[in-house]
Structure formats: structure tokens, C-alpha cells
Amino acid sequence: MAGWDQTLTTLMVERGNALKRYGFLLSGEDATAEDLVQDALVRALGRPFIARDLVETEAYVRQIMVNLSIDRHRRLVRWRRSVRLLAARDDLPDPLADLAARQDLDTALGRLSPRQRACVVLRYYDDLPIAQVATVLGVGQGTVKRYVNEALTRLGNTLAASEGSTKCPSTQS
């Protein structure tokens with residue numbers, strides 16, 4: 001094993017710059033080239049083979065570099081295909097804002113009369129048509145429309161008031 005370690009040490013001393021240039025040709029980036037050389041040496045050390053000379057060892061390390069470069073490229077292509085499926089960080093909702101909005105909505109719903117709340121929940125949460133909401137509640141369609149209209153007006157006013165109170169004082173004019 002001492003011979004293998006000595007061979008790799010000699011390889012890095014005598015051919016390290018050439019390996020880095022080879023890595024640059026494979027990757028097109030200086031930092032990636034250094035990573036290729038380092039990863040190839042780690043992989044070569046992990047699987048020692050019987051090398052007769054420095055030229056054979058360099059060829060082995062270069063082959064590992066080629067394989068690593070191809071693997072990196074494949075991972076990059078896979079990532080580029082997948083990344084478009086992920087939402088951008090700016091598009092992700094803020095969990096605290098969602099929690100605050102949910103609390104505001106719960107508060108606003110709590111301020112509705114039981115009939116208004118039932119109409120809004122059946123109409124918009126259960127996605128029932130007006131006629132079916134009227135049947136479920138045992139009232140006329142006009143009554144359901146009136147309750148929904150009143151509830152939406154009240155919800156809008158309550159949510160607008162809570163939204164105005166959550167703004168920081170410097171943004172209010």
C-alpha cells in the first residue's frame with residue numbers, strides 16, 4: 001500500500017497542474033476542475049489498483065475524472081428538469097403570514113351570525129350551488145343570497161380592518 005500512496009503523491013507533485021487543466025477542459029470551470037481532481041484522487045485511493053508506473057496511474061485518475069464529469073453533467077441535467085417543477089423561493093407563501101391570515105379569517109367568521117356563517121361555509125367551502133344551500137338550510141334561495149351577500153360584506157369589512165391594523169405605522173398615511 002505504501003507504493004500506491006507514493007505513486008499518488010508523485011502524481012500530484014509532478015502532474016497535479018496537468019490534471020487540473022484536464023479537469024478544466026472537462027468542466028469549463030476552475031473550481032469544478034479542482035473538485036474533479038480531488039474527487040478522482042479520493043476515489044482512486046478508495047479502490048487501489050496495481051499500477052506499474054506513473055503514466056498508468058495518471059490514466060486511471062483521468063478516467064475517473066471523465067466518469068465524474070459525466071455523472072455531474074447527468075445530475076445537472078436532472079436537476080434542471082426538476083427545478084422548474086419547484087416553486088421559486090419568492091413564490092413560496094410565508095407560513096407566519098398564512099397563520100395570521102387564517103386567524104383573521106377565523107375571527108371574521110366568528111363575527112357572522114350562525115345563518116350567515118352556514119351559508120358562506122356551504123356555498124364557498126363545500127362549493128354548493130345556491131339552490132342546494134337553500135335546501136340544506138330549509139330556506140328560500142333569495143334568503144340564502146341575502147345571507148351570503150351580508151356575510152361577504154361583513155367579512156370584507158372585518159378583514160380590511162384587520163389588514164389595516166397589522167400594517168406597520170411607517171406605512172400608514
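Helices here are DSSP runs of H or I with at least four residues, numbered from the N terminus. With that in hand, let us walk through the structure. This is a predicted model, in which local features need pLDDT of at least 70 and side-chain atom pairs count only at pLDDT 80 or more, while totals for chains, interfaces and linings use all residues. Residues are numbered from 1 along each chain as its sequence is written, and side-chain values use heavy atoms, leaving out hydrogens and water.

A good place to start is helix α3, which covers residues 54–83. With 3 residues, this helix gives the most to a positive patch. On the surface, that patch brings together R43, R47, R75, R78, R81 and R84. Patch members have over 30% relative accessible area and no salt bridge (a side-chain nitrogen of Lys or Arg within 4 Å of a carboxyl oxygen of Asp or Glu), and like charges are joined within 9 Å. Lys and Arg count as positive, and the place of an Arg charge is taken as CZ.

Look next at R75, which lies in helix α3. Its relative accessible area is 48%, so R75 is partly exposed, a class between buried (under 20%) and exposed (over 50%), judged with a 1.4 Å probe on protein chains only. Helix α3 also holds E58, which counts as buried because its relative accessibility is 10%. Beyond its neighbours within four places in sequence, E58 is in contact (heavy atoms within 4.5 Å) with L11, R15 and L19.

Finally, turn to helix α7, residues 141–166, where E150 is found. E150 has a relative accessible area of 35%, so it is partly exposed. From C-alpha to C-alpha, E150 and V120 are 9.9 Å apart in space, and 30 residues separate E150 and V120 in sequence.

Note on methods:
Helices (H or I, at least four residues) and strands (E, at least two) are DSSP runs, numbered from the N terminus. Patches are made of residues with over 30% relative accessible area and no salt bridge: like charges are joined within 9 Å, nonpolar side chains (Val, Leu, Ile, Met, Phe, Trp, Tyr) within 5 Å. Accessible areas come from the Shrake-Rupley method with a 1.4 Å probe; for residues, only the protein chains shown count as cover.
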